[in-house]
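Hi,

Here's the structure I promised to pass along. Have a look, and my notes on what turned up are underneath.

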Amino acid sequence: MEPGEGRAQQIRQVLLFFVFLGGSLVCSETWRYSVEEETEIGTFIANVVKDMGLDIEDLAARGARVIFDDYKPYLRLDQQTGNLVLNEQLDRESLCHLTEPCMLHFQVLFENPLQFFRAELSVKDINDHTPTFLDKHVLLKISEGATPGTSFQMDSAQDLDVGKNSVQNYTISPNSHFHLKLQDSDEGGKYPELVLDQSLDREKQPELSLTLTALDGGSPPRSGTTLIRVVVLDINDNAPKFEKPVYEVQVPENSPVDSLIIQVSATDLDAGSYGEISYSFSHVSRDVRKTFEIHPISGEVHLKALLDFEIIPSYIINIQAIDSGSLSGKSTILVRVVDVNDNPPEIAMTSLTSPIPENSSPEVVVAVFSVRDQDTGDNGRMVCSIQDNLPFLLKPTFKNFYTLTTERPMDREMRTEYNITIAVTDLGTPRLKTELNITVLVSDVNDNTPTFTQTSYTLFVPENNSPALHIGSVSATDRDSGTNAQVTYSLLPPQDPHLPLASLVSINADNGQLFALRSLDYEALRAFEFRVGATDRGAPALSSEALVRVVVVDDNDNSPFVLYPLQNGSAPCTELVPRAAEAGYLVTKVVAVDGDSGQNAWLSFQLLKATEPGLFAVWAHNGEVRTARPLSERDAAKHRLLVLVKDNGERPLSASVTLHVLLVDGFSQPYLPLPEAAPDQAQADSLTVYLVIALASVSSLFLFSVLLFVAVRLCRRDRAASGGRCSVPEGRFPGHLVDLSGTETLSQSYQYEVCLTGGSEASEFKFLKPVIFNLPPQGNEAEKAPPF
């Protein structure tokens, strides 16, 4: 019985479950159930709990499902009672055609662990179809010369039922010429033959009408009839004869309609009209008549409809050749349908798990699916595969079911998702391929520590900054996602216990911005280091650290300080210059330092004011005071010079120093009285004594310098030879007179050598070049610089 046209097509769903390693079980026993066709929906079939020895709680807890091989829901499993009930009315003829018995194979699946229980449902036939003759009227021409006992083959009736409900018997209406004889067909059925009991006499009775009745074996039986019209012909004593009793032919199932299958041929020895032959089918099935046709004159058999190997793999066609005298010859055509690869493989996804954690252990089930191909042989054999270089494996399980499992742990930071193409290819020619694309997402776990953009940061902060000044930022990134990638910043305890880090800087925990908490002083603290930590919010939390170095940038907040001549409020220092000095004569040198560094400590010198402009000049870069022109007798004896010392800061700071210069004719008169006071002889004698003492002191200092220079040279030579170290006493200047910047600012003390030239009538002083003593370096520089 065909299903109703108004019934909605049900969606095929196959629900399977995760197959855990070692958890899959296939029961070897097969349960068999039966039901009659056309049984009402909801009819009880069996109770799987009792049959399979399970608890009723297992049905819902383990997600029991019923899956038929063709994925149609013929039965429904009641998880509350364990009853298998009919989910739709079954039509045996639609399901199995003429196949007997009609078996529907299915499985009952349980998960956690996965189990398969095999079962069969036998659909029993009921007598719901009436035997039907394909031809309601049959014309039978019989020669009057036919001898008694001659049989005439009749077309059998068709009944869609099977077994005892199919055609079981035939009867003929009562007559005096014929009786009915049943013959077994090659297909296992019966067909009727009319057997002539007595000879016909056309002159007495040219025609006969008979009723042929077909009866099935149902209860009550059903019947169908056809009317046979017998026309008595003139005698014909030779029947047609086929060349072969059986014709065999193979036809590909993809042959087009109207294709020539075979051409049969029969001969008749009679002449005239009795030798004319017509070909026709004889007691063939409805499927044969729908699929094939034979030309009555040529005997060519053509394809009337498309073939399908998966539905009917072969046909038996009984043919007959009838001459005009109604004599017939019989033959059989065996048509074997050759399977071609015309059905692509099918993929049915049962379950898919996405996303999966990136640290999942190997062999975790990601997907369960099944495949099938309706072709046979190599055309139905399939190969299932996925792309290479993926961390997944395909594993066959029960029947045509496959599981997709992980092969190794994944890294979400390298790849957040996988587009997997499941390809199923059969082995036919040509090969057919079906692909199914699935996407598996990878969820994040906290497996990456925060990473700073730099391993160390150097921040430059100008001194005298305002408190809470934003001095810079640190930044760290985390390759994880979500809360695992949210980074919190913090200051780590300093390695130097004396560094008051908490009072110097602070950090914004959310964005890593650094702030100076108080004003910094370059002269007090030039640089300091500390470590910053970055911690994510994962569980467990991961962290990393980076080094931050804060360099205080000097500001021009220190004025130059004059070391020489000292401006301490005592008696001014007077520089003596012989009147015979030429232009460029070195009078003295102004020595100054600046507590700042860099260009803020670059000093320049400028002569602001002089008693006699144009007589003296100050060199801008080294502070040397020299004569600008030769001296003359007209120049005043005493001069006062005001020298300005200025640094190179953006806001220049300066200091000034006053120099007193005394012009003398010779060193025998080192001091000249001021113009407003007349000198006397006693003061001149006093000055001579002082001058002699000064000369003795300078000579001693010069001798000491020469000895020191020789000792240093010898010490360096011995050290080069033996690798030893020479200890030379070194003096140390007060801290406020020492350059701490390391930028080559002029911060040395100066000493001048003076000697008396021999043979000079005026006993003049001759100023030699200055002897410069280097100050000892500060801090780490003292360890690197060799001793003077």
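Cys 96 and Cys 102 form a disulfide, with 1.8 Å between their sulfur atoms. Bear in mind that this is a predicted model, so that distance is computed like everything else here. The structure holds one disulfide, and the Cys 96–Cys 102 link is right-handed, with 65° about the S-S bond.

How buried are the two partners? Cys 102 has a relative accessible area of 0%, and Cys 96 comes in at 12%. Both count as buried, because the cut-off is under 20% relative accessible area. Cys 384 is buried too, at 15%.

The other spot I looked at is Asp 216, which sits in strand β13 (residues 207-216). What does a buried Asp 216 have by way of a salt bridge? None: the nearest side chain of opposite charge belongs to Arg 222, 5.1 Å away. A salt bridge has to be within 4 Å, so that pair doesn't make the cut.

The Asp 216 side chain does find backbone partners, though. It reaches the backbone nitrogen of Arg 222 at 2.7 Å and the backbone nitrogen of Gly 218 at 3.3 Å. So Arg 222 turns up twice for Asp 216: its side chain misses the salt-bridge cut-off of 4 Å, while its backbone nitrogen is reached by the Asp 216 side chain.

Leaving aside residues up to four places away in sequence, Asp 216 also touches a list of others, including Asn 127, His 129, Asp 159, Lys 164 and Pro 221.

Cheers

Methods:
Residues are numbered from 1 along each chain as its sequence is written. This is a predicted model: local features need pLDDT of at least 70, side-chain atom pairs count only at pLDDT 80 or more; totals for chains, interfaces and linings use all residues. Side-chain values use heavy atoms; hydrogens and water are left out. Helices (H or I, at least four residues) and strands (E, at least two) are DSSP runs, numbered from the N terminus. Buried means under 20% relative accessible area, exposed over 50%, partly exposed in between (1.4 Å probe, protein chains only). Lys and Arg count as positive and Asp and Glu as negative; His and the chain ends are not counted. A polar contact is a pair of N or O atoms within 3.5 Å; within protein, one must be able to donate a hydrogen and the other to accept it, and residues adjacent in sequence count only if both atoms are side-chain atoms. Contact means heavy atoms within 4.5 Å. A disulfide is a pair of cysteine sulfur atoms within 2.5 Å.
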